[in-house]
Every structure is written in C-alpha cells, then in structure tokens.
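Happy to go through this one with you at the bench. Let's take the terms one by one and see how each is earned.

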Amino acid sequence: MAETTATPPAASPSNPVAQTPVSAGPVSPSPVAGPPPAAAPPAPAAPINQVPFEPVVSAHFGKPNSHTIAYYEGHGGYDTARKFIGTPQAEIVQTVKDSGLRGRGGAGFPTGMKWGFLAKGTGKPSYLAVNGDESEPGTFKDRYILEFDPHQLIEGVIISSYAIDCHHAFIYLRGEFIVGYERLLGALNEAKAKGYVGQNIFGKGYDLKITIVRGAGAYICGEETGMLSSIEGGRGYPKVKPPFPAVSGVFGCPTIVNNVETICSVVHIMKNGPTWFRQWGTEKSPGFKLFCLSGDVNKPGLMEVPLATPLSKVIDHYGGGVKGKSVKAVIPGGSSSPLIKGDKVADITMDYECLAANKTMLGSGAITVLNETRDVVSAIYNLMRFYHHESCGQCTPCREGTGWLEKLMHRFHHGHGHKSDIPLIWEITRNMQGKTICVLADAAVMPMQSYLGMFPEEFEAKCQD
Amino acid sequence: MTDFAPEIKTEAEALLADFPNKKSALLMMLRLVERQFGFIDDAGMELAARYCEVSVAHVQGAVTFYTHFKRPYHGKHRLMVCATLMCAMGGHSDRALQQIEARLGLRAGERSADGLFSVEKVECLADCHLPPVVQVNFDHRTCFEGEALEKFLDSALAAEGKTSADYKGKAGVVMNARVPVQPVQPTLHQLRVGPGPAGGSGA
C-alpha cells in the first residue's frame with residue numbers, strides 16, 4: 001500500500017519544527033450500545049482500504065512556508081471555495097451528508113446531519129463555531145493543522161459557513177496554541193487582504209466575518225456548550241442540552257459547532273466528491289483521519305490513515321513498534337476512552353463501529369500505548385487528578401466525584417488502599433455517570449471503570465489490608 | 001486611570017467591533033492586557049471591565065477560571081511543566097521538575113523570593129508525542145529536559161545576572177492568588193503577527 005505517514009519532521013529539542021497542535025475537549029461518551037462482539041457475527045469481509053492512500057489534510061505539514069497564502073494558492077488553495085460559493089447551498093450540505101463524514105472532535109456525529117438540524121427562520125443570525133480547543137490529553141492533531149495549514153481551515157470555514165448560510169464564524173483556539181494562533185491570524189489577514197473573507201466574497205455577494213477567540217487553559221472549553229459560554233466572554237460553563245446549539249447556541253442563536261479537522265475534511269470532500277471520500281474506511285466510518293500516537297512506541301507522532309486501519313498496523317508500521325517487550329494496554333481515543341487490553345489489539349480496527357463494539361471509542365484519535373512496565377494505578381491516579389482539576393464545578397456529582405476519585409487513587413497509588421474502597425469506587429462512578437450537565441463526569445468515569453475492571457489485581461495489590 | 005498604549009488601544013477598539021457584543025470580547029481583551037502589562041492584575045481587570053462594559057467581578061470570575069492567564073504572583077520566567085499522563089509516563093515531567101529544582105531550588109507551585117522564576121505543574125499542553133512539554137511564559141517548548149532545559153536555565157539565569165548559587169537552599173514562596181505580591185518587571189509578550197518564521201513553532 002502506498003500509504004505514507006504524515007509524521008512531522010523528527011521531533012527533537014534541536015528541531016523545533018515538530019511542535020504545535022490543538023485539542024478536542026471532553027468527548028461525548030461513546031455509544032457503548034452496540035451489541036457485544038460475540039453476538040454480532042463478523043460481517044463478510046468486504047475488502048476495505050484497497051485504494052492506496054496519500055495524506056490529504058496533512059499533505060503539506062512540515063513543508064517550508066506551508067502556512068502562507070502563496071504556498072496554499074500554489075497548491076490549488078481557495079479554488080474549491082471559489083467554485084462552490086454561489087452554488088445552491090442545499091447541494092453542498094447534501095454532498096457532505098453523502099460523504100458520511102463524521103465529526104472528528106470526539107463524538108463522531110455525522111456532520112451533514114448536524115448541519116441539517118440548524119434552526120431556520122428564527123429571525124436570529126446563525127453562527128459557525130469551530131472547535132479548536134483540543135484539550136483531550138493525547139491529542140495534538142489540530143495544533144499541526146493550525147501551524148502548518150491554517151489556510152486550509154479558513155477555506156473550510158468559508159465553504160461550511162456558506163453551506164449553512166451563516167455570516168459570522170468563530171474559531172476558538174486553546175490558549176496553548178501560541179504559534180498556531182499567530183499563524184492563523186496571519187493567514188486570516190492574508191485572506192482578508194485578498195478578499196476571500198469579508199464582504200462580497202469572490203464577487204458572489206456572500207459576506208463572511210471570521211473572529212478568532214483564544215481560550216486560556218481550560219479543558220472544559222472543548223465541550224461544545226462550554227466553548228460557546230467562553231466565546232460569550234466569561235467562564236466556560238457548559239449549558240444544559242437540549243436546547244442543542246443548532247437551535248440555541250452562542251448568544252442564544254442557532255449555532256453549528258464543528259471540529260477543526262472536520263472543517264478541513266469538508267474542503268477535500270467538496271473538491272473530490274463523496275464517492276472519492278468513501279473509497280476509504282467503512283460504510284459507517286468513511287474516509288480518513290489524523291491519529292496522534294504517543295506513549296511507548298518507537299516513533300510517536302501524527303499520522304493520517306484511512307479509517308478502519310488495523311490498530312496493530314498503526315502501532316507496528318507507523319509507530320515503529322512498541323517500545324518495551326509487549327503492549328499491556330492501549331488508550332485508543334484520548335484519555336477519556338476505556339482501555340483496550342494488549343491481547344485484543346490484533347482484533348481492533350480504528351473505526352467508530354469496531355471500537356464501540358469493544359466498549360471503547362475512537363474519540364479524537366489519540367492513541368497512547370502502555371507497555372508491560374506501566375503501572376495502571378498510577379496512570380489512573382494521574383488522569384483522575386486531571387479530571388478533578390478540569391471539572392468546572394457546576395455540578396455536584398462531578399465536582400465532588402472527581403475529587404473523591406482522585407483522593408482514592410492517591411491512596412492506592414501510595415499502596416494504602418483498602419479492599420472496601422473498590423466497591424466504593426464503583427458506587428461513586430455510578431453516581432457520576434449521566435448525572436451532570438456535560439459529559440466531563442462520564443469522561444472521568446469511563447477510564448476509571450475500565451482500568452479497574454480490566455486490571456482489578458493491580459488495584460488489589462495496592463491495598464494494605 | 002490606567003489605559004492601553006495607543007497602538008494597543010486601536011487593537012482593543014477593533015476587537016470590540018469584531019464581536020457581536022462587547023462582553024464577548026473579554027477573553028481577547030484580557031490577552032491585550034497581558035500584552036501591555038505583562039500580566040493581569042487588579043488594574044488590568046478594571047481596564048478590561050471598562051472596555052467590555054462588564055463588572056470587575058465578572059472579569060475576576062473569568063480570569064480565575066482559566067489557568068493560563070499570567071498573574072502578578074507568577075515569576076517573570078514562568079515555567080509551566082505538563083504533568084498529565086502522556087508527559088508523566090516515562091518520568092519526563094518529574095525529571096524536568098527535578099532539574100528545575102536542582103538549579104533554582106523551586107518545587108512545583110513555588111516562586112523564587114526575588115520573583116524572577118516560578119514553576120508550576122499544568123495539565124495537558126497538547127504535544128503529547130514530544131514529552132516533556134513545557135510552556136515558558138508564552139513560548140511552547142517540547143522535549144524540554146536534560147540539555148535543552150539546562151541550556152535554557154543557563155541563559156535565563158545569565159540574562160538576569162544570577163547563578164544557581166543565588167537560589168540553592170533558599171525556600172521558594174508558595175504562589176497564591178490571595179497573598180498580594182510585588183510583581184517583578186514583567187516580560188512583555190510581543191505578538192508575532194503575520195506569517196511566522198518558516199516551519200516550526202518559533203519556540
């Protein structure tokens with residue numbers, strides 16, 4: 001296969017080229033609904049991913065000056081936007097629907113369908129809010145998009161805004177993306193100067209304003225309603241859903257929230273058509289995705305591969321193999337996703353259905369490999385500290401629950417656990433799940449339950465009684 | 001009354017026009033305060049409140065909600081070491097923190113008595129394949145341990161005319177928003193607007 005990784009230039013302190021991406025905030029809990037793998041007879045093995053794949057979204061990462069408009073236009077940039085602005089909007093939405101593109105931020109909701117939910121005829125302006133607050137630990141794909149190809153994002157925003165008929169788009173970046181912000185701002189100014197953003201774009205009578213907002217270090221602002229609260233100029237408190245943002249979002253107006261990578265994929269879908277996009281991946285998970293590989297592998301980094309690529313191929317082929325003797329477990333979709341045990345890695349393909357069938361999720365595509373030396377208890381202690389720190393404090397089950405879990409894990413981490421703590425952990429997690437405004441509590445509970453359920457002996461070994 | 005310098009004032013006014021209402025420009029306004037004064041103190045919060053037409057209490061609520069705004073109690077050289085799983089896993093975060101402690105005598109959450117340096121543990125900085133990730137004021141550094149960190153500390157100490165000996169054995173001050181401190185000459189954050197240097201994050 002002609003797949004090539006889009007791994008940025010080797011990362012070393014002496015080579016600062018390889019630094020910079022964005023994160024997707026808390027991801028919605030995966031639909032763990034799917035039937036257990038045993039109950040579902042393996043689908044007849046229709047050949048998938050037979051078409052050679054070359055990086056698309058990440059094609060220009062690491063190239064000199066890839067963030068400038070001269071480079072971007074030299075590679076066909078803005079041609080797609082120029083072609084589609086002025087064409088019937090419903091056709092653009094239909095193309096995205098046909099492509100089956102699913103949100104790349106974590107929840108995996110079909111993008112075209114989401115666009116279709118936008119409330120019309122409310123008499124209020126509608127907005128597009130691009131979520132570039134990629135805070136999920138393990139994720140750094142959006143950082144690279146912003147640093148190396150900000151024009152791709154702007155073109156995507158132009159097409160998407162036009163498709164949903166909005167005239168003001170927000171791009172919300174996390175505060176950590178310092179160079180990404182500077183590059184995006186520079187790119188936006190270049191695009192404005194060329195008349196691609198502003199009044200009467202491409203002379204087709206369409207107006208669009210793009211506003212960049214920077215966060216300042218809050219995981220919760222990656223949750224869509226938290227991000228909208230933050231755009232409104234205050235604390236990033238999530239809001240109760242429903243009403244969903246498509247009905248009542250930022251400033252109480254209909255809003256579509258999409259991830260940075262999703263918006264970038266739209267450009268390529270419009271350029272090449274839905275059939276092209278569906279050449280890769282499966283029926284329900286078509287296309288390709290950026291994956292962020294970290295942890296115990298020889299070549300960690302960013303890669304773009306078709307969905308449904310086997311996890312073992314990601315680790316061995318693109319990741320250069322596991323560092324250490326064996327894989328103990330893999331976190332497949334960011335810190336909120338339940339683990340995959342090492343012995344199951346061979347059965348996993350990286351697509352939404354397979355991971356849901358294995359009671360975990362694709363999330364934001366952040367794969368972290370843990371080798372046989374890693375202590376699961378200290379890993380979960382670290383994550384519980386993270387979730388406790390990042391809980392916004394609005395809902396008692398989450399504010400208190402994450403704190404209790406952190407305290408309990410602190411105790412286990414230091415070998416002072418009690419056997420009676422284990423049922424207590426299960427009880428706390430059950431009291432957090434689904435009882436809060438947003439899914440941060442669920443995002444904390446899923447790894448806790450999974451680590452404890454999968455490696456109970458390691459927790460028992462840390463008990464003092 | 002404190003106000004922005006003329007060129008930043010122009011930017012602030014443009015910012016207000018860029019948002020549907022003045023309140024929503026708050027987060028970006030706070031970045032301008034940070035750029036003008038180097039940190040956000042009470043006067044800076046009042047300034048942002050005046051421009052965005054919200055109460056100072058609202059601004060304070062927002063500033064304290066987010067962890068990355070630079071406050072007066074942070075050191076001039078603010079070292080933010082990522083301590084989330086992916087950086088912590090191979091012991092990278094701990095090694096960076098130990099190295100900093102060995103040179104500056106500071107543990108996470110402390111500021112040197114002279115206010116020049118501060119160290120804190122932060123959550124994921126989103127470059128998980130290059131641990132440990134450290135943010136120094138407004139610069140993003142990766143694989144920041146061993147030689148790279150040592151070199152940085154050398155140059156930062158030299159720039160301040162200090163040596164490790166000035167800090168060894170001296171207790172750091174625990175950083176706390178409730179304890180008023182005299183901030184040290186702030187580091188101004190120069191925004192590199194426009195296309196940046198070729199490739200890389202400019203760190």
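Q: What makes α13(A) roughly antiparallel to α16(A)?
A: α13(A) and α16 (residues 440–454) of chain A pack at an angle of about 170°, with their axes 10 Å apart. Axes are lines fitted to C-alpha atoms, for helices over the stretch in contact, and angles run from 0 to 180 degrees between N-to-C directions. Angles over 145 degrees count as roughly antiparallel, so this pair earns the name. As for the names themselves, helices (H or I, at least four residues) and strands (E, at least two) are DSSP runs, numbered from the N terminus.

A quick word on the source: this is a predicted model, where local features need pLDDT of at least 70, side-chain atom pairs count only at pLDDT 80 or more, and totals for chains, interfaces and linings use all residues. Residues are numbered from 1 along each chain as its sequence is written, while chains are lettered from A and ligands numbered from 1 in the order in which they are written.

Q: Which residues of α13(A) and α16(A) meet?
A: From α13(A) come A:V376, A:I380, A:L383, A:M384, A:Y387 and A:E390, and they meet A:L440, A:A443, A:A444, A:P447, A:M448 and A:Y451 in α16(A). Contact here is a matter of C-beta atoms, placed from the backbone, within 7 Å.

Q: How many residues of this helix contact are nonpolar, polar and charged?
A: Eleven are nonpolar, none polar and one charged. Ala, Val, Leu, Ile, Met, Phe, Trp, Tyr, Cys and Pro count as nonpolar, Asp, Glu, Lys and Arg as charged, and the others, Gly among them, as polar.

Q: Why do β7 and β10 of chain A stand at the edges?
A: The open sheet of five strands has the order β7-β6-β12-β9-β10 (chain A), with mixed pairing. β7 (301–306) and β10 (340–341) each have a single partner strand, so one side of each is left without a neighbour in the sheet.

Q: What makes β9 (residues 327–331) and β12 (residues 366–371) of chain A a pair?
A: Two strands pair if DSSP finds at least two bridges between them. Four bridges join β9(A) to β12(A), and the two run antiparallel. Within this pair, A:V327 has A:N371 as its bridge partner, and A:A329 stands opposite A:L370. On to β10(A): two bridges join β9(A) to this strand, again antiparallel, with A:V330 opposite A:I340.

Q: What makes β9(A) mostly covered?
A: Five of its five residues are buried, a label for 20 or more other C-beta atoms within 10 Å of a residue's own, with C-beta atoms placed from the backbone.

Definitions and conventions
Angles under 35 degrees count as roughly parallel, over 145 as roughly antiparallel, 65 to 115 as roughly perpendicular and the rest as oblique. Two residues are in contact if their C-beta atoms, placed from the backbone, lie within 7 Å. A residue is buried if 20 or more other C-beta atoms lie within 10 Å of its own, exposed if 12 or fewer, and partly exposed in between; C-beta atoms are placed from the backbone.
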